[in-house]
Amino acid sequence: MLAVRARTRVTVPTLVLLLILVLFPLVDDGVRMQSNLTLAMIYAIGAIGLDVLAGYTGQFSFGQFVYFAIGAYVMSALETHAHLNWVLAVVAAVLAAGLVAYVLGSALVRLQHFGSALATFFLAAVALDVLSGNRLARFTGGDSGMAVPSVSVGGTSLMGGDGLYYASLVVLAAGALVCIRYIHVRAGVASRVVKQNQLVAAVLGIRVNREKVRAHVLAGMLAALGGCLFAFSLGFLSPESFDTSQSIDLFAIAAVGGLGSIAGPIVGAAFFFIVTDALSAAAPSSSALLFSIVLLVVVVFFSTGLFGLGEFLWSRARPLLPEALRRRPASPPPAQPRAAADPVAAFVADTDLGTRAGSAGAVLAGGEREALLTVRDLTLAFGGVKALDDVQVSVLRGDVHAIIGPNGAGKTSLLNCISGIQPATDGSVSLGARDMAGISVSSRRNLGIGRTFQHPSLVADLDVRTNVEIGAYDRHDGSILPELLGLPSRRERTRVARRRADEALDLIEFSPTRRAVLAADLTMGEQKQVDIARAIASRPSLLLLDEPTAGLGPEEIGVVARAVKGVREAGITVLVIAHHVGFVRDVADACTVLDFGKVLTVGSPADVLGDERVVEVFVGAGARA
Amino acid sequence: MSLAISVIVSGISFGLVIGIVGFGLVFLYKTTGVANFAVGNMAMFETFIVYELWKGGIGIWPSVAIGMVLGGVFALLVYLGALRPFDGRGNSNLLVRTVALYLLLRAMADVFFGSNQPYNFPQLLPHSGFSVGPVDIAWADLITIGIILAIGGAFAAMFRFTDIGLQLTAVSQNAPIARLLGVRVRRLSALAYVLVGMVALVAGLLVAPKQLLSSNMMDPLLLYGFAAAVVGGLTSLGGVFVGGIVVGVVTNLVSTYVGGDLALASAFVLLLATLAVRPHGLFGSPSIQRL
């Protein structure tokens, strides 16, 4: 990705920057510097929104200045034509931009990053054409433009000078705090899973499109606020002020400052305006040239931007600072005394999901064991090739059921059909009595199907506990506002998720001292463990594991086997794909063998692994000799 | 009615110019994995070079010939300077690089050639036309169509009959595997840029005399080209010309009968509609993601 990693701890650098902006007028009260910084802050308001969109959610927008235009024009038109109070006009403009972002975002989220980049780029040009044309001229003045009504607060004009400087600073500070809050709450963390891998996000029950649209709306509303201030600073709106290159400059500001850092785009904006201004004094035409060279150099050589450079310098400078100023290294959380008790009991007790199609608790009831998962006549065809051909699988409640078979036998395809990622050509999948046909990936998860992937796709720039926590939410529904405001019900929800995440990590015996480590720094074995913990944290009734032993050494396989047994003990039914025969013998209660998309045989591990045909499939025809 | 037919014919000719810009985009997308936002401005910059040569006193056709060579060299330098270094950073990174190039080339044109834009570019094609019944047809349109069909045919022949063409096909299907099979992927990417540099100049030369030569002259063409590429299917080298014709005819009809300010908007609607209804376009093939 463009942003090598998104950062969570950005509050301090952002506050430091804002403080500098507060104090700066005391140091330098030149008019020129002030107007540069004012413009920088106005652009930064849009750029931090863009950072949430691109740096944290992984979506591109090369047309973000359209929302500046919406903010500026809607506000001015409402004041001029509807004689609305300016505060109400700003509110209406921001809401209008939010609405447009919602509609456009809903369309854009269906595209990959390239499509979204292209469509937004296109949009900026279309908006400019429409603004210059005659269709909206009654409201916008068309090509000849419109004056922005004057606004003042308590006698201080907001149209420039100190008034506009501090107004921009207040809005920027508020915007930055909202963005920082956003990246810390569930929605922001969920977006980072989306950025990493949309499928994984869906499997964790995250409403992928909703989270993406949310980021669009947040970014659009911030940009519209910036647009209102931009209108103040212009005093007169004409289409050229909202040229397509502005959108690209805005993206460039965010990228040069460093995406995924909130503080970076603010630095980028200040850099852009101060350097542009200094250069245009020296050589009038070359400022655009220099900035585009800077952008190219940053993207090619320092993809973490100015913020990354700052981090690097800080990491070098810190050892030189006096002891008192050094930040203590991220202290490992205090050892958790309760982990010692009984992890399985704690895990099972903390479940209120009785309504699910087969909750974990119901398993221990005993008696006649019924099938939890039933796969009937499942066929999956790609053109003429049948990846799955009339497959029947029945997984009994409480079992660990292994799927084995050579490469290309259709094992992962089977899991994809069960978790809903791949629609089956024919046949049915049911969980308990419930047919899964037509149910989306994230809804299947909410009904109790958890899964892992062959390549664990943890969010590399989040720590272990947060990675698991995002999987621990019962539901990813609900409005964003209560989350941002930190209402008690939302805080309780987060607290429960955090507790359940820890219980899940306890259950699979994940070391308590490694839970604050970033996922990027884990070993392969640990990643597989955390992946399992993330999948069970929401207490699914069925866990699908895709090759949890692939690429692991014998010791690590032992750890995974213990984790699987722990999961089984907690009453979760497991369907596991495995290559490692010892592992299968160790953990499985039953075993299905797939070959060329067909079920070869079913039985206990001992029977199946002793079967001549199975040996032949695995070892090859030569084994007969 | 005869107006409509004239509009459609000039729409087809314009559509093929769009198609050739879109072709550059698709060709680079297939061979380098990234659709280059700077293709339009590469064409613009190269056209400026030809203009400067012509102003320098050599005739227009020698200028075009020298410009073709310089266009290839220029595109090669773009690749080596901006896209080749650290090319393993992922497609998003490369995409942003092309946007940076877009800005850079425009800024360079403004600085080097800029002060009195726009310029009148010499006419390369005859002004006259002829009538078939009530319909007026311009020679320039027919010649444009001929030139572009020839270029398309040359590329088709290259893919069909040459070893380089086969290697390019392999890279566009699956670059890592092509590399394992011994194809020098980076060298082919460089070659692709050289070819696109030359094709882009053709587009620039077809556009400049009709409009005026300026640093933003290719912006609408780039957008139309993207629309054509999406409509035709981002992976289809032939489809992009069909997409170009669709976009050219539709936008021509819209600007004649509805209004010029909605021409771009109509192309945008075409693009969105394609992405919504048939994301892989008319001729593209859907991609399959492996888990």
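**Group meeting: cysteines and overall build of chain A**

Let me begin with the cysteines: a search of the whole structure, which I should say at once is a predicted model, turns up zero disulfides over all chains. A:Cys179 takes part in no disulfide, and the nearest cysteine sulfur to it belongs to A:Cys228, 16 Å away. The statement holds from the other side too, since A:Cys228 is likewise in no disulfide and has the sulfur of A:Cys179 as its nearest, at 16 Å. A disulfide here would need the two sulfur atoms within 2.5 Å. As for their surroundings, A:Cys179 is buried, with a relative accessible area of 0%, and A:Cys228 also counts as buried, at 2% relative accessibility.

Turning now to the chain as a whole, chain A contains 25 helices and 14 strands. Its radius of gyration is 28 Å, close to the 25 Å that the globule rule gives for 625 residues, so chain A is as compact as a globular protein of that length. Taken along the principal axes, the C-alpha atoms fill a box of roughly 90 × 65 × 50 Å.

What share of the 625 residues in chain A is buried? The figure is 55%. If we consider the contacts in chain A between residues at least 6 apart in sequence, 77% of them join residues at least 24 apart.

Finally, the surface: chain A exposes about 24,900 Å², of which carbon and sulfur atoms supply 61%. With regard to charge, chain A carries 52 positive and 51 negative charges, and the mean positions of the two sets lie 3 Å apart.

Technical notes: Residues numbered from 1 in each chain as written. Chains lettered and ligands numbered in written order. Predicted model: local features only at pLDDT ≥ 70, side-chain atom pairs only at ≥ 80, totals over all residues. Heavy atoms only, no water. Helix = DSSP H or I, 4+ residues; strand = E, 2+ residues; numbered from the N terminus. Rg over C-alpha atoms; globule rule 2.2 N^0.38 Å. Buried < 20%, exposed > 50% of the residue type's maximum accessible area, 1.4 Å probe, protein only. Contact = heavy atoms within 4.5 Å. Areas by Shrake-Rupley, 256 points an atom, 1.4 Å probe, with all protein chains shown as cover. Lys, Arg positive; Asp, Glu negative; His and termini not counted. Charge placed at Lys NZ, Arg CZ, Asp CG, Glu CD.
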